[in-house]
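Please open the structure in a viewer and keep the sequence panel visible beside it. The stops below are arranged so that each selection leads to the next.

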Amino acid sequence: MTVDVAVVVAEPVPAFELGIASEIFGLRRVDPALPSYRYEVCAETPGPLRTSTGFLMTPTAGLDHLDHADLIIVTGAGPPVPPPSAGLVAALRRAGERGATIAALCTGAFTLAAAGLLDGRTATTHWAYADDLATRYPSVTVDADRIYAVDGKIATSAGASAAIDLCLHLIRRDHGADVANRVAREMVVPAHRSGGQAQFSRRPVTPADPGPTLAGLLDWAADHLDADLSVTALAARAAMSPRTFIRHFTAATGATPAAWVREQRVRRAEQLLERADATIAAVARRCGFGSLDTLQRHFRRARGVSPEAYRTAFRTR
C-alpha cells in the first residue's frame, strides 16, 4: 500500500506534470475518507529550481528520501533529455531493488531507461519521442500507442495529461476502482480514457460517407460487444466496403477496428469483474471474448494482470 510518495524533479521542472502529481498525491481530498499521502518533491541539489514555464519552485527533500518512499515518480524534461546523474541512477536502482514502485511521467521514461530499470520491459512515452526512446534503448519494448504502461513495479506514461491516467491507475491498484473513481470525480476528470495515443498524434478525420455515422456505429458496438464485431460485419453495418471502412475508422479513431473492439471488450470485462457476481467464464461471454482462455490472454496483455487478480484487487464491495 502506497503511503510515502516522492516526486523527483530537475531543472527545468515540468510544471504541468509536477502539478498533476501534487494534485493527486500531495493534497488532501475534499472527501476525508479518501486516501492521503506523505508527499515530498525531491531534487539532487537544494534551493529554487526554474520550471518549464519560468517561475521558481523549491524542492522539499533530497534524493536520500528515495530510500524509503513507497512510490517514486520521475518527471521528464524537454528533449533532448539530459542523462541522469550517477547519484540519481544509484538512488533509483536501490529503490527498484527493494521493491518500490517507480513511475515515469512523459519523458521521465528516458531517465528510467538510462538507469537500466526498463531493460526487458514494456514502456511508453510521448508519441513524438517514442522512436527516439526505442532507438537509444533497444532493450526496452516501446509501445508508442499506450496512454500508460505498467510492467511489474515499473510504470511509464505518455505526454502531459496522461500523467493523470497513470496516477489514477496507481490509486486504483492500491485502493480499488471505487476510490479511484471518487478521486477522479473530485478532479473532474474521467477515471478511464478510451483508446491510445494514436488518437492524439494526428488530427482526426470525420468520415464523409453518407451512410450511418461512425459515432452511431461505435455506440451500437459498445452496447453489443457480444455480437459479431468483425471488420466484415461492422463494414456492412456502416454500408462501406471493408477496405473503405478500415480507412475511415482508423482516421477517425486512431485505432484499427480490431484494436478498438478489443479495448472496449477489456473495459467491459473490467466493469463486470468489479461489479458483477458472474463467473469469469460468464464475463468472457458477456463482453464478447467467447472463451475464458481468450479473455485471459487479451486481458493480461492489456492490463498486465489476470482477470482473477484484477477482480481480487478491484472488486467493489
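**First stop: a loop residue and its partners**

Begin by selecting Thr-58, which touches Gly-47 and Pro-48 when residues up to four places away in sequence are not counted. Thr-58 is found in the loop between β4 (56-57) and β5. Next, display the C-alpha atoms of Thr-58 and Gly-47: these residues are 11 apart along the chain, and their C-alpha atoms are separated by 5.8 Å. Please bear in mind throughout that this is a predicted model.

**Second stop: helix α2**

Select residues 86-97, which form helix α2. With 12 residues at 1.5 Å a residue, this helix should span 16 Å, and the 16 Å between its end C-alpha atoms agrees with that expectation. Now colour Leu-88, Val-89, Ala-91, Leu-92 and Ala-95, the buried residues of α2. Turn the view so that you look down the helix axis: the buried residues of α2 fall within an arc of 165°, so they line one face of the helix.

Which exposed residues are carried by the face of α2 turned away from its buried side? They are Ala-86 and Glu-97. To see what the buried residues pack against, add β1 (4-8), β5 (71-74), β6 (101-104) and α3 (108-114) to the display.

Remain in α2 and centre on Leu-88, which is located in this helix. Its relative accessible area is 12%, and Leu-88 therefore counts as buried, the limit being under 20%. Show the residues in contact with Leu-88, leaving aside neighbours within four places in sequence: Val-8, Glu-44, Leu-63, Leu-66 and Thr-111. For a distant reference, select Trp-260 as well; it is 172 residues from Leu-88 along the chain, and their C-alpha atoms are separated by 39 Å.

**Third stop: backbone features**

Most residues other than glycine have a negative phi, and most peptide bonds are trans. The next selections may be viewed against that background.

Following α2 is Gly-99, with a positive phi near 95°. Move on to Cys-106, in the loop between β6 and α3. Cys-106 is not a glycine, yet its phi is positive, about 55°. Is Cys-106 buried or exposed? Its relative accessibility is 9%, so Cys-106 counts as buried.

Then select Ala-160, in the loop between β10 (154-157) and α5. Here too phi is positive in a residue other than glycine, with a value near 45°. Ala-160 has a relative accessible area of 34% and is therefore partly exposed.

Finally for this stop, go to Pro-12, in the loop between β1 and α1 (15-26). The peptide bond leading from Glu-11 to Pro-12 is cis, and its omega is near -5°.

**Fourth stop: helices α5 and α6**

Select residues 162-175 for α5 and residues 177-187 for α6. The axes of these two helices come within 7 Å and cross at roughly 145°. The crossing of α5 past α6 is right-handed. To view the contact, show the side chains of Ile-164, Leu-168, Ile-171, Arg-172 and His-175 from α5, together with Ala-177, Val-179, Ala-180, Val-183, Ala-184 and Met-187 from α6. Colouring the residues of this contact by character gives nine nonpolar, one polar and one charged.

**Fifth stop: helix α8 and its surroundings**

Select residues 214-223, helix α8, and highlight its buried residues Leu-214, Leu-217, Leu-218 and Ala-221. Look down the axis of α8: the buried residues fall within an arc of 100°, so they line one face of the helix. On the face turned away from this buried side are the exposed residues Asp-219 and Asp-223. Add α9 (231-237), α10 and α11 (257-275), against which the buried residues of α8 pack.

**Last stop: Arg-243**

Within α10, residues 242-253, select Arg-243. The relative accessibility of Arg-243 is 69%, so this residue counts as exposed. To close the tour, display Thr-232, which is 11 residues from Arg-243 along the chain; the C-alpha atoms of the two are separated by 9.4 Å.

Terms used:
Residues numbered from 1 in each chain as written. Predicted model: local features only at pLDDT ≥ 70, side-chain atom pairs only at ≥ 80, totals over all residues. Heavy atoms only, no water. Helix = DSSP H or I, 4+ residues; strand = E, 2+ residues; numbered from the N terminus. Expected span 1.5 Å × (residues − 1). Buried < 20%, exposed > 50% of the residue type's maximum accessible area, 1.4 Å probe, protein only. Arc of directions from axis to C-beta. Contact = heavy atoms within 4.5 Å. Axes fitted to C-alpha atoms, helices over the stretch in contact; angles between N-to-C directions. Left-handed = near helix turned anticlockwise from the far one by under 90°. Nonpolar A, V, L, I, M, F, W, Y, C, P; charged D, E, K, R; others polar.
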